[in-house]
Amino acid sequence: MGALRVERDGAVLRITLARPERRNAFDAALIAELTKAFADVGDARAVVLAGDGPSFSAGADVEWQRAALDLTSDENVEDAFRLYRMLETIDSSPAPVVARIHGFALGGGSGLAACADIAVAAEDAVFGFSEVKLGIVPAVISPFVLPKIGQAARRYFLTGERFDAATALRIGLVHEVAADVDAAVDAVVTELLSGGPGAVRAAKRLVRERPDGEEAAHVAAKLRAGDEGQEGLRAFLERRTPSWRG
């Protein structure tokens, strides 16, 4: 995979955008590679998404946008849908996704932040939904961004202005801003690995699916009666470390 670096680090899968010379901007190849990488995360207990070089992702690649000038209407729809499917694959990854964000995270880069379960930003991170500056709108990323930032989109989608990490934290696009982003990401990963592997994945489904009361009771009962739930409860009562923590 030329535009990505995918590495397994124990229980952690690290997926790194590797187009630093293009500020990790999206093109057709990167979209395809990200979709493939997140479609099969295996038994990873956490996935860390990061970017090489000075930026996380500056959004759409200029050459990719230039090529779009010659596309038909149907081809434009197909192109946009491929981007949507990439974002959907990241958003619905069964393993928790942690985004490590630094430098520019513009347009689709902000969309990636919204798809992560936990987004950690460096103090220098710069965000923005700049599509209106090009006469277009952030339609494809909106299903993922709007649940995160809500009414704040009425300003930032319309103005296309850039905003800093503190603002991203305030509006809910990221969960944490850190002076040492690597240490902060490592701390989040450590917390994820301390939970039962099946329970963490089930917790992600719970947040995404929001079952009603009766269904939620069945979810709770199934996990409590399962091997992992039994081990966790016994470890707690016996004041020992559960098996998944070694």
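**Note on rings, cores, charges and spaces in a predicted model**

1. By the rule applied here, the count of aromatic pairs comes to six. The structure is a predicted model, and side-chain atom pairs are counted in it only at pLDDT 80 or more. One of the pairs is formed by Phe-127 and Phe-163, whose ring centres lie 5.9 Å apart with planes at 15 degrees, so this pair is stacked. The two residues come from distant parts of the chain, with Phe-127 in strand 7 (residues 126-128) and Phe-163 in strand 8 (residues 162-164), 36 residues apart. Both Phe-127 and Phe-163 are buried.

2. How are the rings of Tyr-156 and Phe-163 placed, stacked or tilted? Their centres are 4.6 Å apart and their planes stand at 50 degrees, so the pair is tilted. Tyr-156 is buried, its relative accessible area being 5%, and for Phe-163 the value is 5%, which makes Phe-163 buried as well. A reader following these rings through the structure will find that ring pairs join Phe-127, Phe-129, Tyr-156, Phe-157 and Phe-163 into a cluster.

3. Phe-127 also appears in the account of the nonpolar cores, since the largest core, of 50 residues, has Leu-34, Ile-101, Phe-127 and Leu-173 as the residues with the most contacts inside it. Helix 1 gives the largest share of this core, namely five residues. Separate from it there is a second core of 14 residues, which includes Val-12, Val-48, Ala-178 and Val-181.

4. The charged side chains come next, and by the rule used the count of salt bridges is 13. In one of them the side chains of Arg-8 and Asp-43 meet, with N to O at 2.9 Å. This pair links distant parts of the chain, Arg-8 belonging to strand 1 (residues 4-9) and Asp-43 to the loop between helix 1 (28-39) and strand 3 (46-51), 35 residues apart. Arg-8 counts as partly exposed because its relative accessibility is 44%, whereas Asp-43, at 57%, counts as exposed.

5. Another salt bridge is made by the side chains of Asp-9 and Arg-14, at 3.2 Å from N to O. Asp-9 has a relative accessibility of 42% and therefore counts as partly exposed, and Arg-14, at 23%, is likewise classed as partly exposed. Elsewhere, Arg-5, Glu-7 and Asp-52 are linked in a network of salt bridges.

6. Which residue forms a salt bridge with Asp-117? The partner is Lys-204, and the closest N and O atoms of the two are 2.8 Å apart. Here too the pair links distant parts of the chain, Lys-204 lying in helix 9 and Asp-117 in the loop between helix 4 and strand 6 (118-122), 87 residues apart. Lys-204 is buried, because its relative accessible area is 8%, while Asp-117, at 27% relative accessibility, counts as partly exposed.

7. Turning to open spaces, the largest pocket has a volume of about 970 Å³. Its lining is made up of 31 residues, and those that lie nearest its centre are Ala-60, Gln-65, Glu-131, Leu-134 and Ile-136. Helix 2 (62-68) and helix 3 (73-91) each give at least two residues to this lining. Sorted by class, the lining of the largest pocket holds 17 nonpolar, seven polar and seven charged residues.

8. The second largest pocket contains about 540 Å³ of space and is lined by 19 residues, with Asp-91, Asp-117, Lys-148, Val-207 and Arg-208 nearest its centre. Two or more lining residues come from each of helix 4 (108-115), helix 5 (142-149) and helix 9 (197-209), and helix 9 provides the largest share, five residues. Asp-117 is thus met twice, as a residue nearest the centre of this pocket and as the salt-bridge partner of Lys-204. By class, this lining divides into twelve nonpolar, one polar and six charged residues.

9. How many cavities of 30 Å³ or more does a search of the whole structure find? The search finds one, and the volume of the largest cavity is about 30 Å³. Ala-44, Arg-45, Pro-96, Leu-192, Gly-195, Pro-197, Val-200 and Arg-201 line this cavity, and helix 9 contributes the largest share of that lining, three residues. The lining of the largest cavity comprises five nonpolar, one polar and two charged residues.

Technical notes
Residues are numbered from 1 along each chain as its sequence is written. This is a predicted model: local features need pLDDT of at least 70, side-chain atom pairs count only at pLDDT 80 or more; totals for chains, interfaces and linings use all residues. Side-chain values use heavy atoms; hydrogens and water are left out. On a 1 Å grid over the protein atoms alone, a cavity is a set of points where a 1.4 Å probe fits but cannot get out, and a pocket is an open set with protein on both sides within 12 Å along at least five of seven lines; lining residues have an atom within 4 Å of a point. Grid points are joined across faces, edges and corners, and a volume is the space filled by probe spheres set on the points. Helices (H or I, at least four residues) and strands (E, at least two) are DSSP runs, numbered from the N terminus. Ala, Val, Leu, Ile, Met, Phe, Trp, Tyr, Cys and Pro count as nonpolar, Asp, Glu, Lys and Arg as charged, and the others, Gly among them, as polar. A salt bridge is a side-chain nitrogen of Lys or Arg within 4 Å of a carboxyl oxygen of Asp or Glu. Buried means under 20% relative accessible area, exposed over 50%, partly exposed in between (1.4 Å probe, protein chains only). A nonpolar core is a set of buried Ala, Val, Leu, Ile, Met, Phe, Trp, Tyr and Cys residues joined through side-chain atoms within 4.5 Å. Rings of Phe, Tyr and Trp (its six-membered ring) pair if their centres lie within 6.5 Å; planes under 30 degrees apart count as stacked, over 60 as edge-to-face and the rest as tilted.
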